[in-house]
2 protein chains.
Amino acid sequence: MEPVTKQFKKRNAILACLKSTDSHPSADWIYAQLKNEYPDISLGTVYRNLTLFKQQGMIQSLGTVGGVERFDGNTDPHVHFICTGCDSVIDLPQMEVPQSLCSRAAEDTGGRVAACQLTFTGTCQSCCLRKTS
Amino acid sequence: MEPVTKQFKKRNAILACLKSTDSHPSADWIYAQLKNEYPDISLGTVYRNLTLFKQQGMIQSLGTVGGVERFDGNTDPHVHFICTGCDSVIDLPQMEVPQSLCSRAAEDTGGRVAACQLTFTGTCQSCCLRKTS
DNA sequence: GATGTAAATGATAATCATTCTCATCAAGGA
DNA sequence: TCCTTGATGAGAATGATTATCATTTACATC
């Protein structure tokens, strides 16, 4: 199961870590996870490689939540829900932005549309329960 | 035309400045604009009051574009296009997120949905032209 | 008009996520 | 073996945002 080459060992680990979770983590969270297996990993390396993966389209960024950038290893188009109470991000995988809106956007702007992002914000179920209890 | 009270003079100016533009500015941009009329205004005051307006629902935040938070004085639901070339933000006022998606989001999460944001990213018309020329 | 109070503000320091720099190291080719 | 290239670690630098605190302002009461 060992990779043939030890090159890109940490790089691959960063990508694998992000792909293996649906928690839409921050760079710091990934860093903390990998710190166990790679005690000498640097936070700079995590940022560096996340930027690289972004450029290559292998991952996507959700933008910042509470001042921190959050990443998503799932590049399939899907919708997100962000809880303003606990900053958790939840996938809404069954939902999709109608294609008609995307083409309208390109027409209306006269530019090129590369991606679209639909995000709901509100209070998640557990935060709702916490408040009423 | 002078307001009856001079209280909240700068606060009102900040809100008026944001409401009077469709450029979806940053705190720093608003600060630079007001610096002319109010040479002693502080950047902290701009941030403070924008945070206040946000909490009161009088304005909305678009999140960060190129690492800086951008604001919108228009709280009517509408769609945005962000150019990754020049970081400009353009309104797509005719477009709306189908109500069916919003209710689906509430159902699927079991939480409370407060807002939704649909954002297209890509290259605006002038950046497209600049590239090909 | 003098005074007290509470809120608003300016100046600036502090915070903190992110990026940059540079020395070091590993891998592969000549 | 030597050389080149790219990846990394450590830590400094950056820069947007927030916090602090002394000062000012507006308004109410006397």
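## A tour of two protein chains and DNA strand C

Let us start inside chain A, where A:D40 and A:K10 join their side chains in a salt bridge, with 3.2 Å from N to O. A:D40 sits in the loop between α2 (27-37) and α3 of chain A, while A:K10 belongs to helix α1 (residues 9-19) of chain A, so the pair ties together parts that are 30 residues apart in sequence. Side chains of opposite charge can pair when their charged atoms come close. Over all chains, the count comes to six salt bridges. Please keep in mind that this is a predicted model.

**The hairpin in chain A**

Still in chain A, strand β3 (residues 79-83) runs antiparallel to strand β4 (residues 89-92), and four bridges join the two. One place to look is A:I82, whose bridge partner in β4(A) is A:V89. Together β3(A) and β4(A) form a hairpin with five residues between them. In the turn you will find A:D87, which has a positive phi of about 60°.

**Where the two chains meet**

How much area is buried between chain A and chain B? The figure is about 2,600 Å², and carbon and sulfur atoms give 64% of it. On the chain A side, A:T109, A:R112 and A:F120 lose the most area to chain B, together 21% of what that side buries. In terms of contacts, 31 residues of chain A touch 31 residues of chain B.

What holds polar atoms together here? Between chain A and chain B there are nine residue pairs in polar contact, both residues being at pLDDT 80 or more. Salt bridges across this interface, by contrast, number zero.

The elements that give two or more residues to the side of chain A that touches chain B are α4 (99-109), β5 (112-123) and α5 (125-132) of chain A. Of these, β5(A) supplies the largest share, twelve residues. By type, this side of chain A divides into 16 nonpolar, eleven polar and four charged residues.

The strand β5(A) also pairs across the interface: eleven bridges join β5(A) to strand β5 (residues 112-123) of chain B, and the two run antiparallel. In this pairing A:L118 stands opposite B:L118 in β5(B).

**The surface near DNA strand C**

Now for the DNA. There are 15 residues around DNA strand C, and A:Y47, A:E69, B:K10, B:D40 and B:T45 come nearest. Which part of the strand faces the protein? Of the atoms of DNA strand C within 4 Å of the protein, 78% belong to sugar or phosphate, and the rest to bases.

Three side chains of chain B show both kinds of partner:

| Residue | Partner atom in DNA strand C | Distance |
|---|---|---|
| B:K10 | phosphate oxygen | 2.4 Å |
| B:R48 | base nitrogen | 3.1 Å |
| B:N49 | phosphate oxygen | 3.2 Å |

Both chains take part in this surface: the elements that give two or more residues are α3 (43-55) and β2 (68-72) of chain A, together with α1 (9-19) and α3 (43-55) of chain B. The largest share, three residues, comes from α3(B). By type, the residues near DNA strand C divide into four nonpolar, four polar and seven charged.

Notes
Residues are numbered from 1 along each chain as its sequence is written. Chains are lettered from A and ligands numbered from 1 in the order in which they are written. This is a predicted model: local features need pLDDT of at least 70, side-chain atom pairs count only at pLDDT 80 or more; totals for chains, interfaces and linings use all residues. Side-chain values use heavy atoms; hydrogens and water are left out. A residue is near a molecule or strand if one of its heavy atoms lies within 4 Å of it. A polar contact is a pair of N or O atoms within 3.5 Å; within protein, one must be able to donate a hydrogen and the other to accept it, and residues adjacent in sequence count only if both atoms are side-chain atoms. Ala, Val, Leu, Ile, Met, Phe, Trp, Tyr, Cys and Pro count as nonpolar, Asp, Glu, Lys and Arg as charged, and the others, Gly among them, as polar. Two strands pair if DSSP finds at least two bridges between them. Contact means heavy atoms within 4.5 Å. Buried area is the accessible area (1.4 Å probe) that two parts lose on being put together, summed over both. A salt bridge is a side-chain nitrogen of Lys or Arg within 4 Å of a carboxyl oxygen of Asp or Glu.
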